[in-house]
Amino acid sequence: MSISRRTFSSALAGAVAAPALIGLSTPARAAGKPTSIRIAFSNAGTGGRPMSQGTFAANAALLGDIEKEFAADGIKIEYKYFIGAGPATNENFANGLLDFAFSHGDLPFLVGNSTGLKRKAILSNGRGGDQHFIGPADTTAKSPLDLRGKTLSVQKGTAGQLTLYRVLEKYGITEPDKEFRIISQNTDDRRASLATGNIAGCIDTPFGLEARGVAKRIVSFYDDPLLTSPGTIWVGEAFEAQYPDLVQRIVTALVKRAHWSTLEANRESQYQLWTRSGTNTYLDNKETWGRVKDLRHRINPLLDDYYVGGLQKAIGEMKRHRLLRRDVNLDFIERKYLNHALAELKLETYWPTQDASGKYIRT
Amino acid sequence: MKESIHTKSALTAAVLLALSSQAAVAQTASSAADIQSLKQTIEQLRKQVDELRNTSRSTATPEQAEGETQEALDARTPATKADVQGLRADLENYKYDQSRAIERNIPSVVRNTKIGGGVTLRYDLRSPAEQPATSAVGTTPAESRASGFATPQFNLNFAGTLYRDYDEGRNLTYRLAFSNNASASSSTATTDATNVVNASDVYVRYSYQPSTGNPEDPLGTITLGQQVVPFGLDAQALDPEVKAVIGNAGFVSGLNLNKRQVGVAIQGDFNPYVDFSNNYRAPAVTYALGLYNGNGPNRVDNNNHRDLVGRLAYTLPVDYNSWWRQIQVGTSYYLGKPTLGATNGYAASNVTGKSTRTGVDVNWTHLPFSISYEWAYGRDRLLANDALVTSGKNPDGVQRGVGQYINFGYTWGEQFLSSSRQQGKFDDYWPKSYQAFIRFDQWDPNRSGKVINDKVYVTTVGLNVFFAETTKFQVNYLRTRNQLGTSAATAARPSSSNGLQAQFNATF
């Protein structure tokens, strides 16, 4: 090819410089303050509604807490609700398009960190919850063991994958991919497959599906600390290094909203807020959360032994299921923002703490 | 409601009890103590009735307790039968409106069908101006032309599912598209070829591998009909909606790879590497094998020979966050046996020719950066009486052409990230993106040592602006240099020319 090296170099330099010349660039990140703060939720409401539900961070977004916090600074708050769940949050962060995630499950968070994504865990976004293993409406299965050799569905790469494996492990199934055909589907596709009977089982919220007559509960688990694992709220390391004061303000605002969310007087307000996302109906929210007598048991921002133990347990499981190709240590946990917020709000001993196995230390 | 029934029952019971008690008193004329006792009983019953009344009233219109939220108050406020009936009436009205709209206002199809299409509008400038003597397809000017508008392509397409396999997604689908694009034209370069609407894609496709969306499964399809030939990278980008650069590389038209063909092709991949933490899928091997008539679209075959095309590509199995992500190396081969003479009108002397195309391509797309390089070499047997043979320029009766390009791209924005495209939004949201590129293209139509000074070099600098989900605006600046050697420049073949193309491409 007779293109000279000088011509080529000039052209390449021109191509790289062109963005600056025509004024296109990513959002400005001035030294003092950013023009915007970009926050992810690893979920979205039914039909792609830009809403989350079921956590204090969702409440903070629904009630505009962060917008109010930074209104006087002129900093724009940009929420992103990813239908592609935790993996989509990783992809967006890997491309420099996120500063915070207000919800991220253990599996995508840890795998992302293991592949070099730099983030710091600053809060837990909640813990506990019910797990329902369900099948098509005409299933005769009494347990997952009755479905061996059949197709199960889960959105791989999400925390739901590990939850499914944990449920199966309760029945002695340690190598689920050998016992079942496990396919990856998002929530909408999975529910469609249940209706047509093309999958034999999955973990999902059963209420709406049962009301439509397309699914049936096979087995349910309620707030089993060994099945669930706390979610994470994180900040990108670069943002945290540049704007630690802004991180503190966000953490404090979130902890304040977490406290509000645990108050019995606000239980009904939350049910109705969460219903807006369409993920669960009001009645389903009431049924799911009605069993939780003390809201602090689920709505808990602490990075305690249970949080750490949950991540360690997840790492072990991921290695065993060959979902983690590299080692990952837990030096990304940063408690100083949480501790400062708890002290400022005088909530140091407000939330119950649990040990790694889920046993309550402080109630 | 229930409270009201209870209240009435209690009142009735109390009155009956009181009357029966009074009758008993009259009949037995018992002691004053008994009477006093009965009075107390009646008084207690009266109190209970009053309490029930109060309870009934308070349930119908509960009062907000101090510190109670509106939501908590709402939660203990019952709905009346009228409320429920009103809600049901609204629901029935909605259901009626829906069924009426489906019957009267929504078009229907026999089979699952999606209708799409697109328009491409262009304005171009060129220097020196194009002269009337220039005979280019569809653009021959009546007099000197330095600028003008054009609608280089419009299309309308239908696609859908003929058979849906709910178990494993081994579906049978179809696509029918009409276009004025030259790649769909059955005629050779006639003046009005680009103004005639032809069928472009006409095929049915069967997935012989599961296509349930599980990224760990290999993909595989058989496509029967008129389709794009799976050769290289740029030759497969024939339609404006999939092209980053407005014009194809020189070898695509030079080696006659810019036509759809009629035949059958097997395409797929296997052993995909999946990084679930980022929704990234990289099949280790992508393959394609096709058998075609070889004489272009919208025609019956003109001989008894089928053309064969094969392609293999390897993608590095690495995580999404690796710098080596999406490095793909591919190779393609095309073997054709065209009937020589047919297009030149030498029917009496028709002979079976042989054409081969060999291609190698390397692509690296790691947003925001992308680099692609492609090299293609073609070999065509010539008729013995072809001017190139008789003049001694190609004494061995074979014309060989070679072309290559390298393209550097830089992208800003989120258009190409699935996470950004699939965000929950209320509005018609689509991330804006900008893509700048520079491409160096070289085409040598005849490598014979006796045919020199025929190379063409085109450098294209461009910017694509993706400002809506299916709409983009493209600006390309082209600098074309013709290798002249000792030959003099002519109006048809100047030593160099400049062109500016601004194109708006919208699909729906």
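Contacts in chain A of this predicted model lean towards the long range: of those between residues at least 6 apart in sequence, 77% join residues at least 24 apart. The chain carries 15 helices alongside twelve strands. With 363 residues, a compact globule would be expected to have a radius of gyration near 21 Å, and the 22 Å found for chain A agrees with that. Taken along the principal axes, the box filled by its C-alpha atoms runs to roughly 70 × 65 × 35 Å.

Burial and surface come next. Of the 363 residues in chain A, 58% are buried. What stays accessible adds up to about 14,600 Å², and carbon and sulfur atoms account for 52% of that surface. As for charge, chain A holds 47 positive side chains and 38 negative ones. The centres of these two sets sit 3 Å apart.

Now to the aromatic side chains. A pair of aromatic rings is described by the distance of the centres and the angle of the planes. Over all chains, 24 aromatic pairs turn up. One of them brings together Y79(A) and Y81(A), whose ring centres are 6.2 Å apart and whose planes meet at 40 degrees, so this pair counts as tilted. Stacking would need planes under 30 degrees apart, and edge-to-face would need over 60. Y79(A) and Y81(A) are both buried. The two tyrosines also belong to one aromatic cluster, together with F41(A), F100(A), F102(A), F239(A) and Y243(A).

Chain B has a tilted pair as well, made by Y123(B) and F149(B), with 4.6 Å from centre to centre and 55 degrees between the planes. Y123(B) comes from strand 1 (residues 112–130) of chain B and F149(B) from strand 2 (residues 145–163), so the pair ties together parts that are 26 residues apart in sequence. The partners can also be described by their accessibility. Y123(B) has a relative accessibility of 31% and therefore counts as partly exposed, whereas F149(B), at 72%, counts as exposed.

The backbone of chain B has some features worth listing, starting with cis peptide bonds. One joins S127(B) to P128(B), with omega at about 0 degrees. P128(B) is placed in strand 1 of chain B, the strand that also contains Y123(B). Another cis bond runs from L367(B) to P368(B), and here omega is near 10 degrees. P368(B) is found in the loop between strand 12 (355–366) and strand 13 (369–381) of chain B.

Positive phi angles appear in chain B too. N271(B) is not a glycine, yet its phi is positive, at about 55 degrees. This asparagine is located in strand 6 (residues 261–275) of chain B. Its relative accessibility of 55% makes N271(B) exposed, since the cut-off for that class is over 50%. Q326(B), again not a glycine, likewise has a positive phi of about 55 degrees. Q326(B) sits in the loop between strand 8 (307–315) and strand 9 (327–336) of chain B, and its 33% relative accessibility puts it in the partly exposed class.

Note on methods: Residues are numbered from 1 along each chain as its sequence is written. Chains are lettered from A and ligands numbered from 1 in the order in which they are written. This is a predicted model: local features need pLDDT of at least 70, side-chain atom pairs count only at pLDDT 80 or more; totals for chains, interfaces and linings use all residues. Side-chain values use heavy atoms; hydrogens and water are left out. Helices (H or I, at least four residues) and strands (E, at least two) are DSSP runs, numbered from the N terminus. The radius of gyration is taken over C-alpha atoms; the globule rule is 2.2 Å times the number of residues to the power 0.38. Buried means under 20% relative accessible area, exposed over 50%, partly exposed in between (1.4 Å probe, protein chains only). Contact means heavy atoms within 4.5 Å. Accessible areas come from the Shrake-Rupley method with a 1.4 Å probe; for residues, only the protein chains shown count as cover. Lys and Arg count as positive and Asp and Glu as negative; His and the chain ends are not counted. The place of a charge is taken as NZ of Lys, CZ of Arg, CG of Asp or CD of Glu. Rings of Phe, Tyr and Trp (its six-membered ring) pair if their centres lie within 6.5 Å; planes under 30 degrees apart count as stacked, over 60 as edge-to-face and the rest as tilted.
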